[in-house]
Amino acid sequence: MGQTNSEMEALIAAEYAQGFITRIDSDTFPPGLDEAVVRAISERKGEPEWMLQKRLEAYRHWLTMDQPDWAVINHPPIDFQQISYYSSPKQSPKLESLDQVDPEILATYEKLGISIEEQKALSGVAVDAVFDSVSVATTFRETLAEAGVIFCAISEALRDYPELVRQYMASVVPHKDNFFAALNSAVFSDGTFVYIPEGVKCPMELSTYFRINEAKTGQFERTLIIAEAGSEVSYLEGCTAPMRDENQLHAAVVELVAMEDAKIKYSTVQNWYPGDLEGKGGIYNFVTKRGDCRGDRSHISWTQVETGSAVTWKYPSCILRGRDSVGEFYSVAVTKGFQQADTGTKMIHIGENSRSTIVSKGISAMQGSNAYRGLVRIAGKAENARNHTRCDSLLIGDRCAAHTFPYIEVKNPTAKVEHEATTSKVSEDQLFYCRQRGLTEEDAVSMIINGFCKEVFQELPMEFAVEAQKLLAVSLEGAVG
Amino acid sequence: MLAIKNLTASVDGKEILKGVDLQVEAGELHAIMGPNGSGKSTLAHILAGRDGYSVTGGEVRYLGEDLLQLEVEERARQGLFLAMQYPVELPGVNNMSFLRESMNALRRARGEPEIDTLSFMKQVKEKARQVKLDEKLLKRSVNAGFSGGEKKRNEILQMAMLEPKLAILDETDSGLDIDALRTVADGVNRLRTAERGMLVVTHYQRLLDYIQPDKVHVLADGRIVRSGGKELALELEARGYGWLLEEAAA
C-alpha cells in the first residue's frame with residue numbers, strides 16, 4: 001500500500017497559491033528588540049503616553065518570561081533579535097480613501113481574491129486590510145458610522161477613541177497572560193478595533209485580511225471587539241503570507257468583550273504560508289484569543305478553519321462570567337507536509353447556567369501533526385453549568401499523527417460535562433468504493449473531508465463557508481477530499 | 001460485452017487466478033460459484049480495477065475496449081458496476097448526495113445533462129421502496145451504522161439508479177436473511193434486460209433459487225473447471241465442490 005500512499009500524497013501536495021511577494025517600498029525597522037524599538041513603534045503610531053507605558057511594562061515583563069514548551073510542537077528556538085518588529089508600506093501616514101492606497105497593495109489583495117473595491121461595492125462586507133504592520137484600507141466606514149458602529153485600525157482607535165481602548169485593552173488578555181501575549185502587548189503595530197453600541201445589530205459582516213509581505217518581519221496585530229448590551233456582530237479574519245525559506249513569526253492577541261445579551265461571532269480562515277513539503281519556511285503562528293462573556297446571557301462563538309502555518313499554537317477561549325452565558329468553539333485544523341498544530345480552546349465557567357459547546361475536527365496528512373488541547377473548567381459558583389465536547393480526528397496515510405489532550409476541572413457538583421472523541425482514517429476501501437461509483441479520487445477525498453468538517457462549516461457565514469471549502473480542496477488537493 | 005481470455009493474476013506474489021476464460025453477452029446473466037479461496041472475489045475486484053492485484057497475463061475486453069487499461073472511475077463511467085461484498089461506510093457523506101454525485105458523474109461521462117432535483121428525488125424514493133430500504137436511510141451517511149442487510153439493499157438501490165451495462169455482484173447474498181435475499185434477487189431480476197450483462201458471484205446455490213442464470217461456472221483453484229446451465233448449481237448443492245476439484249486435478 002506504500003505506493004498508494006505516495007500517490008495520495010502527490011495529490012495532497014498542492015502548491016501554496018498565495019505565496020507571491022509584493023514589491024513595494026517599505027519603511028522597515030532593522031531586526032532586533034529593545035526598549036528603543038518599543039518606543040519607536042509607539043512614536044510612529046503617535047500614541048498617547050499611557051500606551052507607551054503599557055508597552056514598556058509588557059516588554060519588561062516579557063524579558064522575565066520563558067517561551068512555553070508544553071505544546072506538541074517542535075521547532076528551532078526563535079531568535080527574537082533576528083526579527084523586524086515594524087514594517088509599513090511607504091506612503092502618506094493617514095489615508096482618507098482607498099484611492100490613496102498603493103495600487104500594488106490593492107493588486108495584492110485582488111490577487112488573493114479579496115477585492116477591496118469589489119467587496120465594497122457588492123457584498124456588503126466591510127473589510128479592513130492589514131498589510132505587514134499597518135492597516136491599509138477600511139471600507140464601508142460611513143455606513144457603519146450611521147449605525148454607530150466603530151470599525152477601524154487599532155492605531156486610529158488609539159488616536160480617535162483613546163478612552164474606549166484604554167478601558168478595554170488588556171482587560172481580557174493582560175500582558176502577563178503568557179509569553180507571546182506579553183510580546184504582542186509590547187510591540188503590536190496594528191490590528192482592528194470594533195465597537196458596537198448598545199442594542200445595535202451590526203448591519204453587515206465585518207472582516208479583516210492580514211497579509212505578511214516583508215521578509216524577516218513579524219506580525220503582531222491586536223484586535224479588540226466590544227459588544228455593548230444587546231448588540232450583535234459577526235467578524236471574520238483571513239490570513240495569508242508569501243512563500244519564504246525562513247520562518248516568520250505571527251503573534252497576535254484578540255480580545256472580545258460581550259456585555260449583557262450581546263452576541264459576538266468570530267470566524268477565522270487562517271491560511272498563512274505553511275512551509276514547503278520538506279518543512280522549510282512557513283509561519284510560526286502563536287496566537288492568544290480570548291472572549292469575555294461579561295454580561296448575563298452574553299454569547300461568544302469562535303469558528304476557525306486553520307489550514308496554514310508551519311506551527312499553530314492557539315486556543316480561542318471563553319470566560320463565561322455572566323449567568324446563562326454561552327461559549328462555542330468550532331474548529332477545523334488541517335496539517336500536512338511537516339505542519340504542526342496544537343490548538344483547542346478553554347471554556348471557563350463562572351456564571352450560573354453557563355453553557356459551552358466544543359466541536360474540533362483535526363485532519364492530519366503526510367507527516368502532519370495535529371493536537372487538540374482543551375480545558376473545561378467549572379468554577380465552584382457555576383451552578384448547572386454544561387459543556388459538550390466533540391473531538392474528531394481524521395488521518396490520511398500512515399505517517400501523520402493526531403493527539404487529544406482534554407483537561408476537565410469541575411468544582412461544582414451540579415455540572416454536566418460530556419466529552420466525545422473519535423479517530424478515523426480515509427481508507428483505500430473508501431476511495432475505491434467512491435471511484436467504483438464514478439467519482440474521481442479528488443472528488444472522493446473532498447467529499448469525505450467535507451462530510452467530516454460539515455458541523456464546523458455550517459457555523460461559518462455563508463460566503464466564507466464556500467471559501468473555506470475551496471481552501472480545504474486546495475490545501476489537500478486530490479487524494480483526500 | 002465482456003470477454004476474459006486466459007487471465008492470470010497474483011496477490012503479493014501468490015498466483016490466485018491461473019487462466020480464467022469467460023464470455024458474457026448482453027442480456028445474459030452468468031453465475032460464478034466456487035469454494036472459498038477459489039479466486040471469485042479476486043476476479044470481481046480485478047474487473048472493477050481495484051489496487052493490490054497484479055495481472056500477470058491474459059486480457060479482458062469490455063465493450064470492445066481493453067478493460068485493464070482503464071482507471072477504476074473510467075470503468076464505472078462506462079457502465080461497469082460492482083456491488084460489493086462489504087459495502088464501505090462513508091461517515092458524514094449523505095447517502096442521497098453521494099448517489100446523486102455518482103449518477104451525475106456517469107451522466108456527464110455520457111455527455112448527458114445532470115439530473116434535476118425533482119426527477120432524482122422521485123426516482124430514488126420509488127427505487128428505495130422497491131428494494132425495501134427505509135427512506136430514513138437515504139438521509140443518513142452512506143452505509144454508516146447500517147445493518148448488513150441494509151448495506152446490501154443500498155448496493156442494489158445504487159445499482160438500480162445507476163443502470164449499469166454490466167453489473168457484477170460480489171457475494172451480495174452472503175450473510176443475508178431470506179427476506180433480504182429475496183429483495184436482492186428481485187432487484188437483480190428487475191434489472192435484467194436484453195442490453196444488460198450480469199455476473200453474479202456467489203458461494204451458495206440458494207440465491208439461484210430466485211435468480212435464473214443463463215450459465216453457471218465453477219471457479220476452483222484459479223480456473224473455471226466446469227460450466228453449465230442452472231442444473232449445475234443444483235448438482236453442486238447436492239454434491240458439494242469436492243468431486244469437481246478431484247476431477248479437475250485428475
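The following exchange asks how terms are applied to a predicted two-chain model.

Reader: What makes a feature count in this model?
Author: The model is predicted, so local features need pLDDT of at least 70 and side-chain atom pairs pLDDT 80 or more, while totals for chains, interfaces and linings use all residues. Residues are numbered from 1 along each chain as written, chains are lettered from A and ligands numbered from 1 in the order written, and side-chain values use heavy atoms, without hydrogens and water.

Reader: Why is A:M204 called buried?
Author: Buried means under 20% relative accessible area, exposed over 50%, and partly exposed in between, with a 1.4 Å probe and protein chains only. A:M204 has 12%, so it is buried. By the same definition, buried residues make up 63% of the 481 residues in chain A.

Reader: Where does A:M204 lie?
Author: In the loop between strand 6 (192–196) and strand 7 (205–211) of chain A. Helices (H or I, at least four residues) and strands (E, at least two) are DSSP runs, numbered from the N terminus. Chain A has 12 helices and 23 strands. The C-alpha atoms of A:M204 and A:L144 are 8.2 Å apart, with their positions 60 residues apart along the chain.

Reader: What share of the contacts in chain A joins residues 24 or more positions apart?
Author: Contact means heavy atoms within 4.5 Å. Among contacts in chain A with a separation of 6 or more, 84% join residues 24 or more positions apart.

Reader: What makes strand 6 and strand 12 of chain B edge strands?
Author: Two strands pair if DSSP finds at least two bridges between them. The open sheet runs 6-9-10-3-11-12 in chain B, with mixed pairing. Strand 6 (80–83) and strand 12 (223–228) each have a single partner strand, so one side of each is left without a neighbour in the sheet. Neighbouring strands are turned by 20° on average, direction ignored.

Reader: How do you know that strand 6 and strand 9 of chain B pair?
Author: They share four bridges, in the parallel sense. The definition asks for at least two, so they pair. B:L82 stands opposite B:I168 of strand 9. Helix 6 of chain B packs on this sheet, touching strand 6, strand 9 and strand 10 (197–201), and its direction makes about 165° with that of strand 6.

Reader: Which helix does helix 6 of chain B cross, and at what angle?
Author: Axes are lines fitted to C-alpha atoms, for helices over the stretch in contact, and angles run from 0 to 180 degrees between N-to-C directions. Helix 3 (95–109) and helix 6 (148–162) of chain B have axes that come within 10 Å and cross at roughly 35°. The contact includes B:F98 and B:L99 of helix 3 and B:L157 and B:M161 of helix 6.

Reader: What is the handedness of that crossing?
Author: A crossing is right-handed if the near helix is turned clockwise from the far one by less than a right angle, and left-handed if anticlockwise. Helix 3 of chain B passes helix 6 of chain B in a right-handed crossing.

Reader: Which strands stand at the edges of the sheet 2-1-4-5 of chain B?
Author: This open sheet is antiparallel. Strand 2 (14–24) and strand 5 (65–66) each have a single partner strand, so both stand at the edges. Strand 1 (2–11) and strand 2 pair over eight bridges. B:I4 stands opposite B:L22 in strand 2. Helix 1 (40–48) of chain B lies across strand 1, strand 2 and strand 4 (54–62), at about 110° to strand 1.
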